[in-house]
Amino acid sequence: MLKELKNEVRKVPNAVLIGSNEDKDDIRNQVKDVTKKSVLAGSYDLVMSYHAAAQTRPVMETRLDADDALSLNFIESIQTRAAEQIMISYATTTKDNNSRDANRDHNKTPSWMVLCPFDALEWHLYNPMDQKSNQGVVKFASKRTCITPGLTYLFHLHATKEDIPTRMHDALHKVVPACRNKQDDKCLHSIKHKPNTTILRARTPTSAGMHRVITSATSATAIEDEGPQFLKLHKAAWADLKTRFAIDVDELVKLRSEILNDLPAIAEDNMKGQCTRFHSCKESTKQELEQLRATYKKQKHGT
């Protein structure tokens, strides 16, 4: 898997793969332990050039886990929104600095903004509407809290992650005020594109929380609240995978087969990650994973 990941990263200009057990979510400050040896693909010098550039420029950092995806135009859309805020903020600051009566307290606190996705398409291994399906199911999901894939932070000059009241994705909307206008800063901008969402999540036993993951073809609990719109949205979602996410359905079928084949090991690995740093800690998740591991281990060995 690591070999394939390295090969894929090498195809992407300006991409770097760093081997580390720590999140690298602060390019301005968290580069001390990055060495030429820890850079598994890409250029060490490129990392250092990004670090140097971040000292004198606004920085955007977007979170994306290995089992999730962003649409082809996601980065362009959030960069456009951020550029609007940066330009307005810069113009306002320049005007204030040139005014004799300006209140300059605003300039003493570094500016930042959170761009928070609330909805996503979800791919599950099983399709309760078609138990013989080898594709799984794609469903639309809307959350009341920020979801992690696509969660983006805009840091103006001198701003750091410590300036944001919290980095917990499910608490951001509670403590960070909503952006009301394009020029607002120190606020939360909601990314909502229903039904044309720009986020795709893989909801499989690789998911740490396992919340509402469809774990069998006979389980309908995760789609009970979709109503009559489910079938319509389901068909539209499959059509969008290729055009908006560049995902080939045939490749997804192969991936599903590989996951099912390795499910006992995947479930066991997920159990090991429970209650560790930055991961969930629920007894119900442990029990569900253990049941999955045992069930598929029996099926695989024919016992």
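**Exercise 1. Which hand does the disulfide of Cys-179 and Cys-187 have, and why?**

Before we start: the model is a predicted one.

*Solution.* Step 1: find the bond. The sulfur atoms of Cys-179 and Cys-187 sit 2.0 Å apart, and the two residues form a disulfide. Step 2: look at the twist. The torsion about this S-S bond is about 95 degrees, so the disulfide is right-handed. Step 3: check the surroundings. Cys-179 and Cys-187 are both buried.

**Exercise 2. Work out where Cys-116 and Cys-146 sit in the chain and describe the link between them.**

*Solution.* Step 1: count the disulfides. The structure has two, and one of them joins Cys-116 to Cys-146, with an S to S distance of 2.0 Å. Step 2: place both ends. This pair ties together distant parts of the chain: Cys-116 belongs to strand β5 (residues 112-117), while Cys-146 is in the loop between β7 and β8 (152-155), 30 residues apart. Step 3: read the hand. At -120 degrees about the S-S bond, this link is left-handed. Step 4: ask about cover. Cys-116 and Cys-146 are both buried.

**Exercise 3. Follow β6 and β7, and find what ties Lys-139 to Glu-122.**

*Solution.* Step 1: pair the strands. Strand β6 (residues 119-124) runs antiparallel to β7, with six bridges between the two. Trp-123, for instance, stands opposite Val-138 in β7. Step 2: see how covered β7 is. Five of the six residues in β7 (residues 137-142) are buried. Step 3: look at the charged pair. The side chains of Lys-139 and Glu-122 meet in a salt bridge, 3.7 Å from N to O. That pair links distant parts of the chain, with Lys-139 in strand β7 and Glu-122 in strand β6, 17 residues apart. Both Lys-139 and Glu-122 are buried. Step 4: widen the view. Glu-122 and Lys-139 belong to a network of salt bridges that also takes in Lys-143, Arg-201 and Arg-203.

**Exercise 4. Compare that with the salt bridge of Glu-8 and Lys-11: how exposed is each partner?**

*Solution.* Step 1: get the distance. The side chains of Glu-8 and Lys-11 meet at 3.1 Å, N to O. Step 2: check Glu-8. Its relative accessible area is 45%, so Glu-8 is partly exposed. Step 3: check Lys-11. At 60% relative accessible area, Lys-11 is exposed. Step 4: note the total. The structure's salt bridges come to 10.

**Exercise 5. Take helix α6 apart: which residues are buried, and which are exposed on the face turned away?**

*Solution.* Step 1: size up the helix. α6 (residues 249-261) has 13 residues and reaches 19 Å from its first C-alpha to its last, close to the expected 18 Å. Step 2: list the buried residues, which are Leu-252, Arg-256 and Ile-259. Seen down the axis of α6, the buried residues fall within an arc of 65 degrees, so they line one face of the helix. Step 3: turn to the other side. The face turned away from the buried side carries the exposed residues Asp-250 and Glu-258. Step 4: inspect the N-terminal end. Asp-248 caps it, with a side-chain oxygen 2.8 Å from the backbone nitrogen of Asp-250. Step 5: find a salt bridge inside the helix. Glu-251 forms one with Lys-254, their closest N and O atoms being 3.6 Å apart. These two lie three residues apart in α6, about one turn of the helix. As a rule, residues three or four places apart in an α-helix point the same way, because there are 3.6 residues a turn. Glu-251 is partly exposed, at 45% relative accessibility.

Methods:
Residues numbered from 1 in each chain as written. Predicted model: local features only at pLDDT ≥ 70, side-chain atom pairs only at ≥ 80, totals over all residues. Heavy atoms only, no water. Helix = DSSP H or I, 4+ residues; strand = E, 2+ residues; numbered from the N terminus. Expected span 1.5 Å × (residues − 1). Buried < 20%, exposed > 50% of the residue type's maximum accessible area, 1.4 Å probe, protein only. Arc of directions from axis to C-beta. Polar contact = N/O pair within 3.5 Å; in protein donor to acceptor, adjacent residues only side chain to side chain. Pairing = 2+ DSSP bridges. Salt bridge = Lys/Arg side-chain N within 4 Å of Asp/Glu carboxyl O. Disulfide = S-S within 2.5 Å.
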